[in-house]
Structure formats: structure tokens, C-alpha cells
Amino acid sequence: MDHMLTTQAESMKRTSSVTEFILLGLTQNPELQKVLFVVLLIVYLITLTGNLPISVTIFISPALGSPMFFLSCLSIIDGFYSSSIAPKLIPDLMSKKNTISFNDCMTQLFVEHFFGSVETTLLIAMAYDCYVAICKPLHYMTIMNRPVCGFQVGMAGVLGFLHEGIQILFMVQLLFCGPNVIDLFLCDLIPLLELACTDTRTLGPLITANSGLLYLLIFSMLVASCVIILCSLRTQSSKGGRKALSACASHVTVVIFFAPCTILYLRPITSFPIDKAMTVFCATVTPMLNPLISNLRNAEVKNVMKKLWEQIMNTDNE
């Protein structure tokens with residue numbers, strides 16, 4: 001009997017008493033909240049209307065090569081990633097009290113980091129594609145065929161799931177029995193670690209290392225690939241070099257925008273005032289800019305979109 005009571009007491013101690021979290025959002029200034037509501041709503045709508053038509057255009061146009069296939073997948077991932085955050089963030093700007101349940105918090109954490117991990121891994125495949133296009137142009141169609149590209153995208157999804165699966169298993173082991181106020185607009189690793197009432201001196205660094213080291217590794221590989229590609233351009237003709245540089249300029253720009261995500265997780269487990277600005281940049285601005293940088297600068301994509309739009313207009317007129 002005593003043993004049963006002891007077991008029940010230990011089970012109660014191990015149960016989190018926090019059932020929901022309070023999100024303080026981006027700002028407590030009512031006027032600034034209204035401005036941010038309009039701005040972020042416009043950004044989110046541009047993200048959806050920019051990514052969806054581009055991804056559909058590339059998928060239904062077999063003539064476009066593997067770089068466009070990767071960019072189409074990137075557009076889809078950007079749309080899902082932004083949609084895991086923006087639909088909660090934007091209405092909360094006009095709400096007086098913003099809360100999120102424990103289960104919804106864990107779900108949001110999983111979804112946002114899953115799509116973020118898939119996107120960062122996909123950038124490696126895009127870097128390899130760019131390398132083959134410039135350094136081995138004669139073998140490009142043989143190496144980067146559709147099955148190979150599909151396999152790389154599939155592996156990005158598997159690695160992203162494994163990465164976030166391990167991370168969420170760590171997070172659900174934490175107990176939350178005290179303060180439940182998150183000074184952010186979403187559930188994220190560092191704020192949750194700060195609220196945990198269990199000892200995170202060992203578990204905390206493991207969780208952040210799972211993201212921080214992954215992002216650092218991928219960022220280093222991307223920078224190295226850009227250096228190799230740019231060095232190889234010196235051996236090509238001026239015309240070929242300009243064409244190759246134009247093809248990979250968007251990739252280099254996306255890598256630059258990836259830097260804030262690396263800084264955000266590769267640091268001590270402490271929140272900083274700049275976190276909100278960096279997080280909203282990664283969550284809303286980057287997914288909006290990716291299609292503009294990567295796709296709309298590409299003449300092939302613009303020509304195909306123009307032809308499809310003309311076909312749609314002609315069909316409607318008939």
C-alpha cells in the first residue's frame with residue numbers, strides 16, 4: 001500500500017501543472033499592434049500568392065529542369081512554414097489575451113521546426129545542383145535527373161522528421177509547473193526551456209545543439225559550396241560565367257537570408273530583446289522573399305507563367 005502511494009505521488013510530481021501558455025506577442029503598444037497587423041497580413045498574403053502559383057507552374061511544366069523542381073519544393077515548404085506561424089500570430093495582434101494550449105504549443109513547435117529543417121536540408125541539394133550545373137555541365141542531365149531530385153527532396157523530408165522527432169521527444173520530458181508566460185509570439189525552444197521547472201543544465205544544451213549545430217553545419221556547407229562555385233566561374237568564358245552566376249545568384253542570396261536562423265539557435269539558452277525581430281524575420285519575411293529572389297528573377301519561370309496566364313485568359317474569353 002505504501003509503495004502504491006509513493007508511486008502515485010511520484011507520478012503526480014512528474015505531471016506538468018501548466019495546461020496553457022500566455023504569449024506576450026510582438027509588442028504591447030496598441031497602435032503598433034494595428035500597424036503590425038496590417039503589415040504582417042500583407043506579407044502573409046504575398047507569401048501565399050507568390051509561392052503557390054510558382055510551385056504549380058513548375059510542377060505542371062516538365063520542360064523546366066531540376067533547379068526549378070527544387071525551387072518549386074522550396075516554395076511549397078515556405079508556404080507551409082509561414083502558415084504554421086502567421087495564422088496564430090496575426091489574429092493575436094488584435095486580441096487582448098493570447099493563449100495557446102500545451103498540446104497546441106508542442107504541435108506548433110514540431111511543425112515549424114520540421115518545415116524549417118526540411119528547407120535548410122533542401123538548400124544543400126540546391127547547392128549540389130548548382131555545383132553540378134557549373135562544374136560538370138556536360139554530365140548535368142545525367143546526374144541531376146528527376147528521380148535523383150525526387151530522392152533528395154524525400155531525404156530532406158526524412159531528415160527533417162528525424163531531427164524534429166528527436167527534439168520533440170526531449171521537450172515532452174520537461175515539466176512545466178510554474179510561470180507560463182512566453183515573451184514571444186510563438187512556442188519556441190529557448191522560451192520553453194526557460195519556463196521548465198526541471199533541471200535543464202544537461203537536457204537544454206542537447207536540445208539547442210540539435211538545432212544549433214545542424215544549422216551551423218548546413219550554413220557552413222552552403223558557404224563552402226558558394227565559394228567553390230564562385231571560384232570555378234573564373235575558369236569559364238565571360239558569357240558562360242555570367243549565365244552561371246545569374247543561375248546561382250539567387251541561391252547565394254537565400255544562403256545570406258539563412259544566417260539569422262543560425263544565429264538564433266547557436267548561442268546560450270537565454271532570451272534576448274532582438275529575438276522577436278529575428279524570429280519574425282525568419283518566420284514571415286524570408287518565406288515571402290524566397291519566391292521573389294529565387295523564382296521571379298528566372299526568365300524561364302516568368303515565360304512559362306506568362307504563357308499559362310495567357311492560356312487561362314484565352315479559355316475564359318472563349
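## Cysteines, strands and helices in a predicted model

C149 has a relative accessible area of 0% and is therefore buried. The model is a predicted one. The sulfur of C149 has its closest cysteine sulfur in C73, and at 8.8 Å that is too far for a bond. Seen from the other side, C73 has C149 as the residue with the closest cysteine sulfur, again at 8.8 Å and too far for a bond. A disulfide is counted when the two sulfur atoms lie within 2.5 Å. C73 is buried too, with a relative accessible area of 8%.

**Disulfides**

Two disulfides are present in the structure. One of them joins C105 to C187, with an S to S distance of 2.0 Å. C105 belongs to helix α5 (residues 102-135) and C187 to the loop between β3 and α8 (189-195), so this pair ties together parts that are 82 residues apart in sequence. The torsion about the S-S bond of C105 and C187 is -130°, and the link is left-handed. Both C105 and C187 are buried.

C177 and C197 form a disulfide as well, with their sulfur atoms 2.2 Å apart. This pair links distant parts of the chain, 20 residues apart: C177 sits in the loop between α7 and β3, and C197 in the loop between α8 and α9 (203-232). The torsion about the S-S bond of C177 and C197 is about 135°, so this disulfide is right-handed. Relative accessibility is available for each of its two cysteines: C177 has a relative accessible area of 45% and counts as partly exposed, and C197, at 38%, is also partly exposed. The range for that class runs from 20% to 50%.

The following table lists relative accessibility for several residues.

| Residue | Relative accessible area | Class |
|---|---|---|
| C73 | 8% | buried |
| C149 | 0% | buried |
| C177 | 45% | partly exposed |
| C197 | 38% | partly exposed |
| F161 | 49% | partly exposed |

**Helix α5**

Helix α5, which holds C105, has 34 residues, and at 1.5 Å a residue these should span 50 Å. The end C-alpha atoms of α5 are 50 Å apart, which agrees with that expectation. Of the 34 residues of α5, 24 are buried, so the helix is largely enclosed by the rest of the structure.

**Strands**

Strand β1 covers residues 20-23. On its covered face are F21 and L23, while E20 and I22 make up the uncovered face. β1 pairs with strand β2 (residues 99-101) in the antiparallel sense, over three bridges. With strand β3 (residues 181-182), β1 pairs in the parallel sense, over two bridges. I22 of the uncovered face has a partner in each of these strands: I22 stands opposite T99 in β2, and opposite V181 in β3.

**Nonpolar surface patch**

Which residues make the nonpolar surface patch of about 580 Å²? The patch is made by F151, M155, V158, L159, F161 and L162. Of these, F161 lies in helix α7 (residues 146-171). F161 counts as partly exposed because its relative accessibility is 49%, and the limit above which a residue is called exposed is 50%.

Notes:
Residues numbered from 1 in each chain as written. Predicted model: local features only at pLDDT ≥ 70, side-chain atom pairs only at ≥ 80, totals over all residues. Heavy atoms only, no water. Buried < 20%, exposed > 50% of the residue type's maximum accessible area, 1.4 Å probe, protein only. Helix = DSSP H or I, 4+ residues; strand = E, 2+ residues; numbered from the N terminus. Pairing = 2+ DSSP bridges. Patch = residues over 30% accessible without salt bridge, like charges linked within 9 Å, V, L, I, M, F, W, Y side chains within 5 Å. Areas by Shrake-Rupley, 256 points an atom, 1.4 Å probe, with all protein chains shown as cover. Salt bridge = Lys/Arg side-chain N within 4 Å of Asp/Glu carboxyl O. Expected span 1.5 Å × (residues − 1).
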